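Me: I want the reasoning behind the labels, not just the labels. Take me through them one at a time.

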Amino acid sequence: MNILAIDTSTIAASVAVISEEKLLAEAYTDLKLKHSEKLLPLVDHILCDLRMNIDDIDAFAAGSGPGSFTGIRIGAASIKAFAHANNKPVIGISSLEACAFGQAYFPGHICPIFDAQRDEVYTALFKFEESCLTRLSEDSAVSIDKLIQFLKDKESILFCGDGLYKFKSFLSETLGQSAYFANKITSMPRASSVGCLALSKLAKGEISDYKSFLPDYIRKPQIDQPKKRYEYINTKSVVK
Amino acid sequence: MDDKNVIILAIETSCDETSAAVIKDGELLSNEVFSQINIHTNYGGVVPEVASRNHLVKLPQVIDEAVRKAKISLNDLSAVAVTKGPGLIGALLVGVSYAKSLAYALNKKIIGVNHLMGHISANFLAGAQPPFICLIASGGHTLIVKVISHTQYQVLGSTRDDAAGEAFDKVARVIGLGYPGGPKLDKLADEGNENAYEFTRAMIKEDNYDFSFSGLKSAALNHINKAKMKNEAINKADLCASFRKCVCDILIMKTMRAAKDCNINSIAICGGVTANSLLRKNFKAECDKNAIMLTMPDAFLCTDNAGMIASCAYYKYLNNEFEDIYMNASPSQRL
């Protein structure tokens with residue numbers, strides 16, 4: 001059983017092929033290149049390296065967010081289309097969970113944070129219990145201040161994710177000794193983690209397909225109210 | 001390359017229409033459109049993020065339906081085509097990402113289509129043969145193009161500010177007709193007197209094929225405010241009729257002039273605005289008078305649809321114009 005997994009929820013894009021036995025290949029880029037441009041070449045690159053064809057893939061997995069709306073949508077559209085070609089299973093994995101999974105065996109809490117703009121982060125809390133990743137809270141978008149309030153009594157917390165670029169020094173100042181930070185090798189959500197988590201979901205039969213799989217945006221779209229400047233006239237008074 | 005049995009699946013997601021079509025050897029086999037118009041009506045216009053999310057939800061089923069109605073299977077395809085731009089970036093990216101990955105997984109060629117070339121190519125489906133002069137008038141674009149061959153174009157003129165459809169929508173909004181303004185205004189105008197209010201025909205005398213429509217909204221507002229100051233009621237139907245006549249006159253006159261100057265006796269019109277009933281009627285009369293052949297695709301081929309993208313893609317296929325896996329959306333792509 002081979003799974004092709006991708007993650008495009010942050011500025012980094014990664015692609016991996018994983019089987020029950022091992023991680024076969026992984027490609028990762030964190031450049032200012034657009035996901036829509038780089039994702040398919042990365043897939044092509046690792047499949048070529050593996051002397052594999054996309055027909056050799058049995059299931060497709062994607063980091064389903066939360067994260068950049070456009071990023072997770074590019075990933076989801078690509079994974080849905082791969083699966084569409086031969087109606088193969090699709091597995092969605094929380095990108096926050098994938099990010100936490102990369103911090104295996106840290107003894108305290110694991111708190112992935114993705115930049116959600118407006119001084120907020122997408123986050124959730126995890127812990128490894130008997131070498132198993134356990135989720136302690138649901139994925140959500142919260143302000144960094146609220147997150148700190150929530151975490152200030154915890155003993156040791158490992159932060160990871162692209163939110164570190166913006167908030168690392170602030171977290172370090174406010175939480176002091178109890179804040180730990182993932183190194184740059186493991187900080188971002190990786191397709192290999194998505195693939196690994198997808199394998200266990202697949203084993204449990206928790207699968208989706210190309211029609212029903214959708215990313216998890218968490219937030220509703222931001223909609224500006226209809227612009228007042230167009231409401232020039234009170235229509236009632238001018239109708240003949 | 002074998003030019004027989006060329007079967008192409010085309011995808012269009014540039015704005016708020018999710019669409020897929022199948023074309024075989026230049027003949028349209030299916031053209032499925034899911035319009036999100038009811039969703040966006042609530043917001044008074046297209047919300048890009050909402051459009052993008054809905055494209056992702058609807059696209060797989062729209063593709064399946066297009067393939068089913070064409071009575072083919074995905075493996076029969078010669079290529080997958082998609083609108084690259086112009087359009088809303090988030091919306092385009094859904095189509096582009098999907099098309100690229102689907103083509104890759106099926107081991108088929110990929111074709112990127114300019115949305116405006118798509119609009120022009122709707123005329124090939126309606127029987128137009130190049131060379132012809134083409135008017136593209138929609139909510140986002142207004143231009144006159146000399147179509148030299150199925151894949152060669154020369155832009156003669158375009159709008160310097162608002163598109164014709166934008167002007168329709170804005171005036172419709174000013175008098176409270178709601179969204180989408182164009183079709184509603186067209187309907188109300190049928191009941192009005194087209195000579196009741198005066199609108200200046202902007203740039204009509206200038207020796208070029210460019211347009212300007214941004215002043216028309218202000219002109220409509222002036223009529224309303226003037227009436228208000230005199231404590232008179234404005235007749236909405238008359239205002240719509242007069243405004244519509246003005247826009248149609250400008251579009252027709254400039255297009256006819258382009259045909260005359262280029263010495264081409266064939267005109268084609270496309271884009272959402274060309275679904276306007278008066279524009280169609282008057283274009284027909286004017287072309288008949290001047291012995292010019294007129295092609296007007298059916299209304300469903302004039303608004304955004306993947307059928308027109310498929311038509312364009314077919315000629316690109318014959319011309320060996322393919323994209324690679326690095327293809328990206330280009331939201332402000334020009335013709």
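The exchange below sets values against cut-offs for this predicted model.

Me: Why is Glu37(A) called partly exposed?
Reply: Glu37(A) has 17 other C-beta atoms within 10 Å. Buried needs 20 or more, and exposed needs 12 or fewer. The count of 17 falls in between, so Glu37(A) is partly exposed.

Me: Where does Glu37(A) lie, and what does Glu37(A) touch?
Reply: Glu37(A) lies in helix 1 of chain A, residues 35-49. Leaving out residues up to four places away in sequence, Glu37(A) touches Tyr326(B) and Asn328(B). The C-alpha atoms of Glu37(A) and Cys196(A) are separated by 25 Å, and these two residues are 159 apart along the chain.

Me: What makes helix 6 of chain B roughly perpendicular to helix 8 of chain B?
Reply: Helix 6 (residues 181-189) and helix 8 (residues 236-262) of chain B pack at an angle of about 110°. Their axes are 8 Å apart. Roughly perpendicular covers 65 to 115 degrees. The angle of about 110° is in that range, so helix 6 of chain B counts as roughly perpendicular to helix 8 of chain B.

Me: Which residues make that contact?
Reply: Helix 6 of chain B gives Leu185(B), Asp186(B), Leu188(B) and Ala189(B). Helix 8 of chain B gives Lys236(B), Ala237(B), Cys240(B), Ala241(B) and Arg244(B). The residues of this contact divide into six nonpolar, no polar and three charged.

Me: How do you know that helix 4 of chain B is mostly covered?
Reply: Helix 4 of chain B spans residues 115-125, and 11 of its 11 residues are buried. Among them are His115(B), Met117(B), Ser121(B), Asn123(B) and Leu125(B). Each buried residue has 20 or more other C-beta atoms within 10 Å. Gly127(B) follows helix 4 of chain B, with a positive phi near 100°.

Me: What makes Ala313(B) a residue of the largest nonpolar core?
Reply: Such a core joins buried residues of certain types, Ala among them, through C-beta atoms within 7 Å. The largest core has 178 residues. Ala313(B) is one of those with the most contacts inside that core, along with Ile8(B), Ala10(B), Ala81(B) and Ala310(B). Leaving aside neighbours within four places in sequence, Ala313(B) is in contact with Ile8(B), Ala10(B), Ala79(B), Ala81(B), Ile111(B) and Val113(B).

Me: How many domains does the assignment give chain B, and where do they touch?
Reply: The assignment gives domain 1 (7-121 + 302-318) and domain 2 (130-296) of chain B. Their C-alpha centres are separated by 27 Å. The contact takes 11 residues from domain 1 and 15 from domain 2 of chain B. On the side of domain 1 of chain B, helix 1 (37-41), helix 4 and helix 11 (306-318) each give two or more residues. Helix 4 of chain B has the largest share there, three residues.

Me: Which helix of chain B gives the most to the side that touches chain A?
Reply: Helix 3 of chain B does, with 12 residues. In total, 39 residues of chain B are in contact with 33 residues of chain A. Helix 2 (48-69), helix 5 (164-174) and helix 7 (214-229) of chain B also give two or more residues. The chain B side divides into 24 nonpolar, nine polar and six charged residues.

Me: What is chain A built from?
Reply: Chain A has seven helices and 12 strands. Buried residues make up 45% of its 240 residues.

Conventions. Residues are numbered from 1 along each chain as its sequence is written. Chains are lettered from A and ligands numbered from 1 in the order in which they are written. This is a predicted model: local features need pLDDT of at least 70, side-chain atom pairs count only at pLDDT 80 or more; totals for chains, interfaces and linings use all residues. Two residues are in contact if their C-beta atoms, placed from the backbone, lie within 7 Å. Helices (H or I, at least four residues) and strands (E, at least two) are DSSP runs, numbered from the N terminus. Axes are lines fitted to C-alpha atoms, for helices over the stretch in contact, and angles run from 0 to 180 degrees between N-to-C directions. Angles under 35 degrees count as roughly parallel, over 145 as roughly antiparallel, 65 to 115 as roughly perpendicular and the rest as oblique. Ala, Val, Leu, Ile, Met, Phe, Trp, Tyr, Cys and Pro count as nonpolar, Asp, Glu, Lys and Arg as charged, and the others, Gly among them, as polar. Domain bounds come from an automatic or database domain assignment.
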